[in-house]
There are 2 protein chains.
Amino acid sequence: MLLKQNEKADQTQQLASPRRRHLLAGSAVAMTAAGLAAFTRSAMAQAVASTVPAAKPLPAYVTWKDANAMIVHTSSTLETKRSAFGTSIITPTDQLYIRNNLPAPDASIIADRDGWAVSVEGVKNPRTLTVKDLKSMGLETMAMVLQCSGNGRGLFPTKPSGTPWQVGAAGCVVWSGVPVRAVVEALGGINERMPYMTGTGGEKLPEGIDPKSVMVERSVPVKAMADALLAWEMNGEPIPLAHGGPLRLIVPGYTGVNNVKYIKRLAFTAEQTDAAIQKTGYRISPPGQKGDPSHPSVWEMGPKSWINSPAPESGPLVAGPVQIKGVAFGGINAVKSVEVSVDGGKTWKQARLVGPDMGRYAWRQFVLPATLEPGSHTIACMVVDAEGNRQPEGRVENAGGYNNNSWRDHALTLSVV
Amino acid sequence: MLLKQNEKADQTQQLASPRRRHLLAGSAVAMTAAGLAAFTRSAMAQAVASTVPAAKPLPAYVTWKDANAMIVHTSSTLETKRSAFGTSIITPTDQLYIRNNLPAPDASIIADRDGWAVSVEGVKNPRTLTVKDLKSMGLETMAMVLQCSGNGRGLFPTKPSGTPWQVGAAGCVVWSGVPVRAVVEALGGINERMPYMTGTGGEKLPEGIDPKSVMVERSVPVKAMADALLAWEMNGEPIPLAHGGPLRLIVPGYTGVNNVKYIKRLAFTAEQTDAAIQKTGYRISPPGQKGDPSHPSVWEMGPKSWINSPAPESGPLVAGPVQIKGVAFGGINAVKSVEVSVDGGKTWKQARLVGPDMGRYAWRQFVLPATLEPGSHTIACMVVDAEGNRQPEGRVENAGGYNNNSWRDHALTLSVV
């Protein structure tokens with residue numbers, strides 16, 4: 001019944017186009033500012049069914065997101081609803097998740113996008129380059145799954161602390177920028193014995209606190225440079241501030257935190273940074289233990305898939321034919337195939353991959369037609385990557401709830417009437 | 001100088017993210033409605049440099065478009081600015097052109113998207129199918145260049161009547177829906193001797209006028225069915241009303257008008273429709289003549305390419321290295337290669353194709369690094385399709401200004417200082 005009411009509210013909002021809804025949300029903000037708060041609250045009350053807990057509104061810095069598509073956990077953690085993922089491969093920017101470790105810098109940094117500068121160090125001829133400089137040095141475009149390290153944390157029965165993401169802290173994004181290797185070549189190559197590529201974010205740090213304890217600075221193995229970009233564009237538009245514009249380091253196949261926003265320093269280094277976010281944060285630590293440099297860092301993504309439709313949030317399903325749809329990616333490898341089970345993993349059928357293949361780091365969308373009888377059904381999916389690696393049945397237990405790619409954890413139990 | 005001022009206004013607006021700008025535009029509309037017109041006009045006056053003619057505002061039904069990216073010709077004809085085309089292949093929905101032959105139907109038609117119905121006729125078992133029915137019948141996803149038949153009309157020296165589009169009445173869109181052939185198979189196949197596929201749009205027609213004189217009903221050769229879709233999603237979101245949602249006929253490789261919006265009837269027919277838009281409209285008629293069924297209909301697109309950057313609208317270029325970037329597509333065939341000339345077509349160099357290949361009907365983005373000396377340079381590009389067809393040097397003269405894919409007409413003359 002609750003679900004039905006939600007559906008109805010959704011339909012009312014669909015009178016306007018998806019982006020029209022942003023406008024409405026934005027207008028509400030503007031009208032509040034103009035002293036029309038009472039009207040606004042009344043309109044919002046009508047939009048939210050009285051028996052449904054009110055969803056948190058979009059934070060002020062991203063009122064342009066599609067409110068209907070997002071779950072707002074906190075002002076810095078927004079998840080895409082499972083039911084919002086379409087079948088067009090690319091996740092629209094206004095539906096993409098947000099996870100910011102620090103508040104976004106002041107919007108003045110995108111007043112002059114071409115003027116943003118990054119210091120490139122640990123190369124033969126270190127130099128500070130502006131975005132304008134970078135734009136003259138090369139161009140590459142790549143589709144890539146951007147996924148928060150903690151996506152799927154909400155499926156750990158141990159409930160690790162941190163945002164309880166289900167599947168929506170991920171999206172497939174087209175990035176455009178200059179290959180890092182082209183920049184490195186232009187600066188004479190990497191100095192000897194520098195096994196790490198270290199990116200430093202340009203966030204404004206809080207005062208009176210050790211910068212190393214909060215700053216966003218991440219090191220990845222230097223081999224990740226091969227396909228990395230310094231990107232200024234996503235999904236056809238300049239990268240919005242909330243997603244790291246004017247310039248973001250893109251490290252395909254690596255979890256979100258390694259894709260440093262507002263990058264101001266790109267250094268090839270002998271050691272990993274000693275910033276807390278690297279030293280103790282984002283480590284696969286045994287449950288109950290604090291993060292330690294001896295624990296593996298959260299870097300490469302593993303093969304993973306999940307079902308987007310039918311979704312339990314859409315309410316009970318009527319028996320009959322259904323198209324089971326979802327997404328699958330290989331992390332650092334391309335997708336080879338996807339299998340789907342409608343009996344909780346006892347038997348599997350090969351799904352069909354849908355739409356153009358956008359490359360090794362993109363996700364593929366898959367579909368399997370099925371006929372479901374009344375009753376309860378547990379639907380699971382499992383991807384096999386181009387190297388033959390299979391998405392695992394179980395998760396790797398860890399204190400931070402990172403890297404959950406267990407197919408069993410991601411299985412959905414559907415009620416069919 | 002005018003250009004400089006424009007740039008400055010753009011930069012100011014870039015303080016907000018691209019979609020934040022929609023919000024601002026939208027808020028202005030809402031505030032006007034609330035009686036704050038004076039404030040709004042003042043804010044708009046500040047945003048528009050006084051010596052620059054004021055751009056037309058976005059029409060009310062598409063205030064969610066990116067005002068900064070669009071040229072508003074009329075309320076039903078909006079063009080993407082050349083400088084807004086990025087290098088991420090897909091054209092974001094909020095930057096895609098609009099060309100509607102009739103005003104969009106009432107927004108109530110997308111209150112219940114799954115309930116929209118299309119009558120399928122000229123098949124063994126004709127049936128009316130809802131979007132919900134169609135969603136259970138199959139799924140395909142395809143990237144396709146959507147291009148207005150008149151894109152490039154503004155480059156005809158004869159100035160044919162109609163919107164003087166330059167290059168921006170086109171975009172590359174990802175569509176998702178059911179293949180028409182799957183629907184036809186499910187309904188027993190096409191009746192014998194039906195050489196045309198005819199789609200009828202659901203626009204609300206003005207009263208007191210012969211419907212045939214204004215209705216949007218288009219016939220294409222039945223072979224176009226092979227890759228056609230009945231689509232409910234574009235670029236990852238339900239198709240907005242302004243772009244033909246809840247359901248649009250997608251005929252890959254055919255000009256925009258053949259991709260019927262709000263499709264309510266899909267018929268396999270013995271003859272082309274006698275609606276004016278088909279019978280006399282959209283014909284390649286000799287200059288000075290009215291359209292006639294004996295003239296070729298505007299159907300398949302030819303190979304075409306153009307340069308997006310550097311763009312003359314961005315002002316004089318400083319001598320030195322530059323990345324020449326643009327888009328190229330083959331129409332009904334895939335792109336094989338693109339050549340670029342910086343001397344007005346005397347000599348050509350092969351450009352590099354950038355980013356994933358999204359299939360036969362998508363466009364490819366290309367780049368050619370060059371070094372430009374001070375002076376005037378005429379830059380041209382030319383695509384060769386997979387069948388070896390070359391983009392022609394000249395246009396086919398015609399009364400309506402359709403199908404301009406002349407590389408010479410599309411060449412840009414740049415001033416380098």
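Me: What makes up residues 298-408 of chain A, helix or strand, and how far apart are the end C-alpha atoms?

Reply: The span is 43% strand and 0% helix, and its end C-alpha atoms lie 21 Å apart. Both words refer to DSSP runs numbered from the N terminus: helices are H or I runs of at least four residues, and strands are E runs of at least two. UniProt lists this span, in an unreviewed entry, as "domain: Moybdenum cofactor oxidoreductase dimerisation"; its positions follow the numbering used here, feature names are shortened, and annotations may be inferred rather than shown by experiment. Chain A as a whole has 7 helices and 21 strands.

Me: What kind of model is this, and how are residues, chains and ligands labelled?

Reply: This is a predicted model, where local features need pLDDT of at least 70 and side-chain atom pairs count only at pLDDT 80 or more, while totals for chains, interfaces and linings use all residues. Residues are numbered from 1 along each chain as its sequence is written, chains are lettered from A and ligands numbered from 1 in the order in which they are written, and side-chain values use heavy atoms, leaving out hydrogens and water.

Me: Why is B:Pro221 called buried or exposed?

Reply: B:Pro221 has a relative accessible area of 15%, so it counts as buried (under 20%; exposed is over 50%, partly exposed in between, with a 1.4 Å probe and protein chains only). B:Pro221 sits in strand β9 (residues 217-221) of chain B. Leaving aside residues up to four places away in sequence, B:Pro221 touches B:Pro195, B:Tyr196, B:Met197, B:Tyr254 and B:Trp299, a contact being heavy atoms within 4.5 Å.

Me: How do you know that B:Glu300 and B:Lys223 meet in a salt bridge?

Reply: Their closest N to O distance is 3.4 Å; a salt bridge needs a side-chain nitrogen of Lys or Arg within 4 Å of a carboxyl oxygen of Asp or Glu, so the pair qualifies. B:Glu300 lies in the loop between α7 (276-279) and β14 (304-309) of chain B, and B:Lys223 in the loop between β9 and β10 (229-234), so the pair ties together parts that are 77 residues apart in sequence. B:Glu300, at 30% relative accessibility, is partly exposed, while B:Lys223, at 58%, is exposed.

Me: What about B:Asp357 and B:Arg364: how far apart are the closest N and O atoms?

Reply: They are 3.7 Å apart, and the two residues form a salt bridge. Here B:Asp357 is partly exposed at 43%, whereas B:Arg364 is buried at 12%.

Me: Why does B:Glu79 have no salt bridge?

Reply: The nearest side chain of opposite charge, B:Arg82, is 7.4 Å away from the buried B:Glu79. For charge, Lys and Arg count as positive and Asp and Glu as negative, with His and the chain ends not counted.

Me: What does the side chain of B:Glu79 reach, and at what distance?

Reply: It reaches the backbone nitrogen of B:Val167 at 3.3 Å, and one of its polar atoms lies 3.0 Å from the backbone nitrogen of B:Gly168. Both count as polar contacts, because that term covers a pair of N or O atoms within 3.5 Å (within protein, one must be able to donate a hydrogen and the other to accept it, and residues adjacent in sequence count only if both atoms are side-chain atoms). B:Glu79 itself belongs to strand β2 (residues 77-80) of chain B.
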